[in-house]
Amino acid sequence: MNNQNEMKEIDELLVHTYNRFPVIFDHGEGVYLYDTDGHKYLDFAAGIAVSSLGYHNEELNDALKNQIDQLWHISNLYYTEPVLHAAQQLTKASQMDRVFFTNSGTEAIEGALKAARKYAYSKKNGRYEIIAMEKSFHGRSMGALSVTGTAHYREPFEPLVGGVKFAEYNNLESVKALISEKTCAVIMETLQGEGGIYPIDPDFLSGVKKLCEENDMLLILDEIQCGMGRTGWMFAWQAYRVQPDIMCMAKAIGNGMPVGAFAMTEAVAAYSLAPGDHGTTYGGGPLVCAAVAKVLEIYEKKDIVGHVNEIAPYLEEKLDTLVEKYDFVTTRRGKGLIQGLVVTKPVGDIVKKALTEGLTVISAGSDVIRMVPPLVIEKEHVDEMIEKLEKALQ
Ligand SMILES: *Cc1c(COP(=O)(O)O)cnc(C)c1O
């Protein structure tokens, strides 16, 4: 009863932009969450693909507690050591040369779009148009919305940033058809997450890269959801050896600390953002950078990516049995530990029912049950998830 009142009050106090699930979470431990009534939930949502190392990781928490006592804000007018450690680790893991730390994924997209426009501006090549993908998701700010390929997200806020055209994901001809002497960049997710878990076709990715090289356009890859080991590669593009010119990261890079980043190659940096072109008061602060550095250190020490490759085939196999068993579960799509089950029953009802069974999963697109668990799950957690999900499917 008390909970009901609290939830009602939260709904009345916050701008009504979310229909929240009826649960008040209190704390987390490993791959489990606990609500204020002490109920336990197996977490296959990870705060939307964020908490890759799970909850209450002692080493990470200790690093953050130490940093809180030392220094947590100073602005980008000064140097700090955590930003050095975070940048060293992130450029190494991403194989990119230069990084700019932001406060979110959306801001990483904003920065990437500006970086691409500035590159074209410096080269005086007259290019400013951007090709984005249908069904894409890149965030909710005016710039990020402008390249997000779902009309109902965009329409209430138009006119947005101009010069954006939408191609069909995994359809190279549709990209080719949109290229003009004004195109400066192509932006896409390396695996579409929110749109419904669509892995990229390797030939499409390499085809787009080739078009970019031939036409002096930049390839911007959004790895905000699919990066950081989730697909079984540190960054999803590494599976195909198609390096972006600019890459966006966020979600798991701070394991829940609000931090994102966009990174670029030296070739781009030479013509792109210069002092005064871009900035952020909070971005790249010592606290979030301590998180990024420690998260990446743990990834390496614990071989998180190797672990994803060990567990993922088991998850895929178990999910495939559901596709065989239930008529209304039609397909599985995904890579590594980002998996989707396409269902013909209302997905929202299944997700809600799963919660009452003690399992958090989320939806993607209009008909996909999305599973993006912490990357540290074990086979026993997969078994437990299947058991709970099957109850929710009834
Ligand atoms: C979540 C997400 C974003 C936006 O990130 P925020 O941190 O919510 O601003 C952008 N692109 C993709 C692919 C995402 O999954």
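This report walks through the domains, nonpolar cores, one pocket and two single residues of a predicted model.

## Two domains

The domain assignment splits the protein in two. Domain 1 covers 3–57 + 303–393, and domain 2 covers 71–302. Domain 1 is thus written as two stretches of sequence, and domain 2 as one.

The centres of domain 1 and domain 2, taken over C-alpha atoms, are 26 Å apart. The two domains also touch: 29 residues of domain 1 are in contact with 28 residues of domain 2.

## Nonpolar cores

The largest nonpolar core holds 82 residues. Met-188 and Met-385 have the most contacts inside it. Both domains feed this core, with at least three residues each from domain 1 and domain 2. Another core, of 26 residues, lies apart from it. Its members include Ile-109, Ala-185, Leu-218 and Ile-220.

What does Met-188 touch, beyond residues up to four places away in sequence? Its partners are Met-133, His-138, Tyr-169, Ile-200, Phe-204, Leu-205, Val-208, Leu-219, Ile-220, Leu-221 and Asp-222. One of these, Ile-220, is also named among the residues of the 26-residue core.

## The second largest pocket

The second largest pocket has a volume of about 850 Å³. It is lined by 29 residues. Closest to its centre are Asn-76, Arg-98, Val-99, Phe-100 and Phe-101.

Which elements each supply at least two residues of the lining? They are α4 (81–94), β4 (98–102) and β12 (260–264). Strand β4 gives the largest share, 4 residues. By class, the lining has 15 nonpolar, 12 polar and 2 charged residues.

## Thr-91 in helix α4

Thr-91 sits in helix α4, one of the elements that supply the pocket lining. Is Thr-91 buried or exposed? Its relative accessibility is 19%, so Thr-91 counts as buried. The cut-off for buried is under 20%.

Outside its neighbours within four places in sequence, Thr-91 is in contact with Met-96, Asp-97, Arg-98 and Val-99. Two of these partners, Arg-98 and Val-99, are also among the residues closest to the pocket centre.

## Val-164 in strand β6

Val-164 belongs to strand β6, which runs over residues 164–167. Where are its contacts, leaving aside neighbours within four places in sequence? Val-164 is in contact with Ile-130, Ala-132, Ser-146 and Val-147.

Ala-132 shows how the chain comes back on itself here: it is 32 residues from Val-164 along the chain, yet their C-alpha atoms are separated by 6.8 Å.

Key:
Residues numbered from 1 in each chain as written. Predicted model: local features only at pLDDT ≥ 70, side-chain atom pairs only at ≥ 80, totals over all residues. Heavy atoms only, no water. 1 Å grid on protein atoms, 1.4 Å probe; cavity = no way out; pocket = protein on both sides within 12 Å on 5 of 7 lines; lining within 4 Å. Points joined across faces, edges and corners; volume = space filled by probe spheres on them. Nonpolar A, V, L, I, M, F, W, Y, C, P; charged D, E, K, R; others polar. Core = buried A, V, L, I, M, F, W, Y, C linked by side-chain atoms within 4.5 Å. Buried < 20%, exposed > 50% of the residue type's maximum accessible area, 1.4 Å probe, protein only. Domains from an automatic or database assignment. Contact = heavy atoms within 4.5 Å.
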